[in-house]
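Visitor: Please take a close look at the second largest pocket, and then follow the description from there into the rest of the model.

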Amino acid sequence: MTNSEQTSVLITGGNKGLGFEAARRLGEQGWTIFLGSRDEGRGRAAARKLTDGGANVVMVPLDVSSDESVTDAVRLVREHTDRLDVLINNAGTPGKGITPADATADEIHSVYDTNVYGPVRVTHAFLPLLEAADHPRVVMVSSGGGSFAVVTDPEHPVSKMHELAYTSSKAALNMITVRYAQAIPQVKFNCITPGEVANHKFTATDMNNHTGWLTGTEGTEGTEGTDPIVKLALSDADGPTGTFTDRLGPVAW
């Protein structure tokens, strides 16, 4: 049976952190949540927790680095809906923080496979379902570390984080977002960073060993960091496209 009325969202990497918190917040809006998770056990546990809170959740086994997994995910989602209103490409990996002098092509590839090729795989596969929606939106979860303005600012801590894979992958994701937005105007494509670039703050998640300053309320991780994700997910047909923002507003490229 398909659902052609209730607003639907697929969130990759939705079993924890920012993905889980975005799912919780959108679930409270009455949305159907397709919770993508590479680890099925953790995904089902997260889905149960959200369901216990009143959300309508379908757990979707989804490894964004696998073409086969993405194809299977599309098949599963189609069993429940004939359109997809929102796609949140949230799944990501920080890499190993290897310095430019020591970084190899293999290290770069492993990070890009999740952070760059992953969103491309998922977006390409789900584009027909998105285009069947009235005003579809895609939110790419990027990073302030993907901003040239941030990385070249000597006062910003990221400028002193000498690694190659993660920051360059997020810069690539930003460009991909803009190119999608320009070429597919019927879908709104935007990227966000879950922090406050102007205040040199970022959100505490597993990816940074919970060392960020922005944390969740009532013990929920990443509430503040998901503000721009939720805002863009809730945007209407006149909403923005091709933008890069954080919870305070536009971020320089």
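**From the pocket to the core**

Guide: In this predicted model, the lining of the second largest pocket divides by class into 4 nonpolar, 4 polar and 4 charged residues. The pocket's volume is about 180 Å³. Its lining is formed by Asp227, Pro228, Lys231, Leu232, Ser235, Pro240, Thr243, Thr245, Asp246, Arg247, Leu248 and Gly249. Two elements, α8 (227-233) and β9 (244-246), give two or more residues each to that lining. The largest share, 4 residues, is that of α8.

One lining residue, Thr243, leads inward. Leaving aside neighbours within four places in sequence, Phe189 is in contact with Thr243, and also with Thr123, Val138, Met140, Thr177, Tyr180, Ala181, Ile184, Thr241 and Gly242. Phe189 belongs in turn to the largest nonpolar core, which has 32 residues; together with Leu10, Leu84 and Phe126, Phe189 is among those with the most contacts inside that core. The elements giving two or more residues to this core are β3 (56-61), α3 (67-78), α5 (117-131), β5, α7 and β6 (188-192). From α5 comes the largest share, 5 residues. Apart from this core lies another, of 25 residues, which includes Leu18, Phe20, Ile33 and Ile229. Such groupings accord with a general tendency: in soluble globular proteins, nonpolar side chains tend to be buried together.

The strands extend the picture. Strand β5 (residues 137-141) pairs with β4 in the parallel sense over 4 bridges, and within this pairing Val139 of β5 is the bridge partner of Ile88. β4 also runs parallel to strand β1 (residues 8-11), to which 3 bridges join it; here Val9 stands opposite Val86 of β4. Strand β4 (residues 86-89) is covered on both faces: Val86 and Ile88 on one side, and Leu87 and Asn89 on the other, are all buried.

Asn89 brings the account to an enclosed space. A search of the whole structure finds 1 cavity of 30 Å³ or more, and about 30 Å³ of space lies in the largest cavity. Asn89 lines this cavity, along with Ala91, Thr114, Asn115, Pro119, Val141, Lys170 and Leu173. At least two of the lining residues are supplied by each of α4 (105-115) and α7 (165-183). By class, the cavity lining holds 4 nonpolar, 3 polar and 1 charged residues. Helix α7 thus recurs in the description: α7 contributes to the cavity lining and is also among the elements of the largest nonpolar core.

Technical notes. Residues are numbered from 1 along each chain as its sequence is written. This is a predicted model: local features need pLDDT of at least 70, side-chain atom pairs count only at pLDDT 80 or more; totals for chains, interfaces and linings use all residues. Side-chain values use heavy atoms; hydrogens and water are left out. On a 1 Å grid over the protein atoms alone, a cavity is a set of points where a 1.4 Å probe fits but cannot get out, and a pocket is an open set with protein on both sides within 12 Å along at least five of seven lines; lining residues have an atom within 4 Å of a point. Grid points are joined across faces, edges and corners, and a volume is the space filled by probe spheres set on the points. Ala, Val, Leu, Ile, Met, Phe, Trp, Tyr, Cys and Pro count as nonpolar, Asp, Glu, Lys and Arg as charged, and the others, Gly among them, as polar. Buried means under 20% relative accessible area, exposed over 50%, partly exposed in between (1.4 Å probe, protein chains only). Two strands pair if DSSP finds at least two bridges between them. A nonpolar core is a set of buried Ala, Val, Leu, Ile, Met, Phe, Trp, Tyr and Cys residues joined through side-chain atoms within 4.5 Å. Contact means heavy atoms within 4.5 Å.
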